[in-house]
Amino acid sequence: RHLPAQRNKRPVSDTCPNATDVEKFKDVISACDRLVLYATPLTQPKALSRIWCLYEIFCAIKIHLPITIALSAFNRAELETLLNSDFDRLENMFTSIKSAEAEATNPSDLPMITGWIIDGT
């Protein structure tokens, strides 16, 4: 089983009918063999700006779950170019992520998830 880091349905805060999913979120991630991160567009992956995606990545790293980065053919070619000619840009993209600047469909999720990340839970 693989957990995609970006998908249409998200567990949300307790104001949503699927609040139970939030309580089981870490269990679901723990049951996966890896997390698949769809990094598109490559130079500004949407998943790296979404708080739930960042939390999924955080949880995967915390439990040493492998993360596979999935790319389109175009993005694979772009990655090769960046690796060969602008590695610093590529490195900066993945080392300058700020969860405090992330977005959420439900604004009330931001402080909740940011708190989980800060607490390390």
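**Close-up views of a predicted model**

Buried residues account for 32% of the 121 residues in the chain, and the views below are all taken from a predicted model.

**View 1. The chain and the order of its elements.** The chain contains five helices and three strands, and, read from the N terminus on, its elements follow the order β-α-β-α-β-α-α-α. When contacts with a separation of 6 or more are considered, 78% of those in the chain are accounted for by residues 24 or more positions apart.

**View 2. The largest nonpolar core.** This core has 21 residues, and those with the most contacts inside it are Ile-51, Trp-52 and Tyr-55. Two or more residues of this core are given by each of helix 1 (19-30), strand 2 (34-38), helix 2 (51-62) and helix 5 (109-119). Helix 2 provides the largest share of the core, namely eight residues. As a general tendency, nonpolar side chains in soluble globular proteins are buried together.

**View 3. A second core.** Separate from the largest core is a second one of six residues, which includes Ala-39, Leu-42, Leu-90 and Met-93.

**View 4. The crossing of helix 2 and helix 5.** The axes of these two helices, helix 2 and helix 5, come within 10 Å and cross at roughly 15°. Angles under 35 degrees count as roughly parallel, and helix 2 is therefore roughly parallel to helix 5. The crossing in which helix 2 passes helix 5 is left-handed.

**View 5. The residues between helix 2 and helix 5.** On the side of helix 2, the contact is made by Ile-51, Trp-52, Tyr-55 and Phe-58, while helix 5 contributes Asp-109, Leu-110, Met-112, Ile-113, Thr-114, Trp-116 and Ile-117. Sorted by character, the residues of this contact of helix 2 with helix 5 comprise nine nonpolar, one polar and one charged. Three of the helix 2 residues named here, Ile-51, Trp-52 and Tyr-55, are also those with the most contacts inside the largest nonpolar core.

**View 6. The surroundings of Arg-50.** Arg-50 lies in the loop between strand 2 and helix 2. Which residues does Arg-50 touch, not counting residues up to four places away in sequence? With those sequence neighbours set aside, Arg-50 touches Ala-102, Glu-103, Ala-104 and Thr-105. Of these residues, Ala-102 is 52 residues apart from Arg-50 in sequence, yet the two are 5.2 Å apart in space, C-alpha to C-alpha.

Methods
Residues are numbered from 1 along each chain as its sequence is written. This is a predicted model: local features need pLDDT of at least 70, side-chain atom pairs count only at pLDDT 80 or more; totals for chains, interfaces and linings use all residues. Side-chain values use heavy atoms; hydrogens and water are left out. A nonpolar core is a set of buried Ala, Val, Leu, Ile, Met, Phe, Trp, Tyr and Cys residues joined through side-chain atoms within 4.5 Å. Buried means under 20% relative accessible area, exposed over 50%, partly exposed in between (1.4 Å probe, protein chains only). Helices (H or I, at least four residues) and strands (E, at least two) are DSSP runs, numbered from the N terminus. Axes are lines fitted to C-alpha atoms, for helices over the stretch in contact, and angles run from 0 to 180 degrees between N-to-C directions. Angles under 35 degrees count as roughly parallel, over 145 as roughly antiparallel, 65 to 115 as roughly perpendicular and the rest as oblique. A crossing is left-handed if the near helix is turned anticlockwise from the far one by less than a right angle, and right-handed if clockwise. Contact means heavy atoms within 4.5 Å. Ala, Val, Leu, Ile, Met, Phe, Trp, Tyr, Cys and Pro count as nonpolar, Asp, Glu, Lys and Arg as charged, and the others, Gly among them, as polar.
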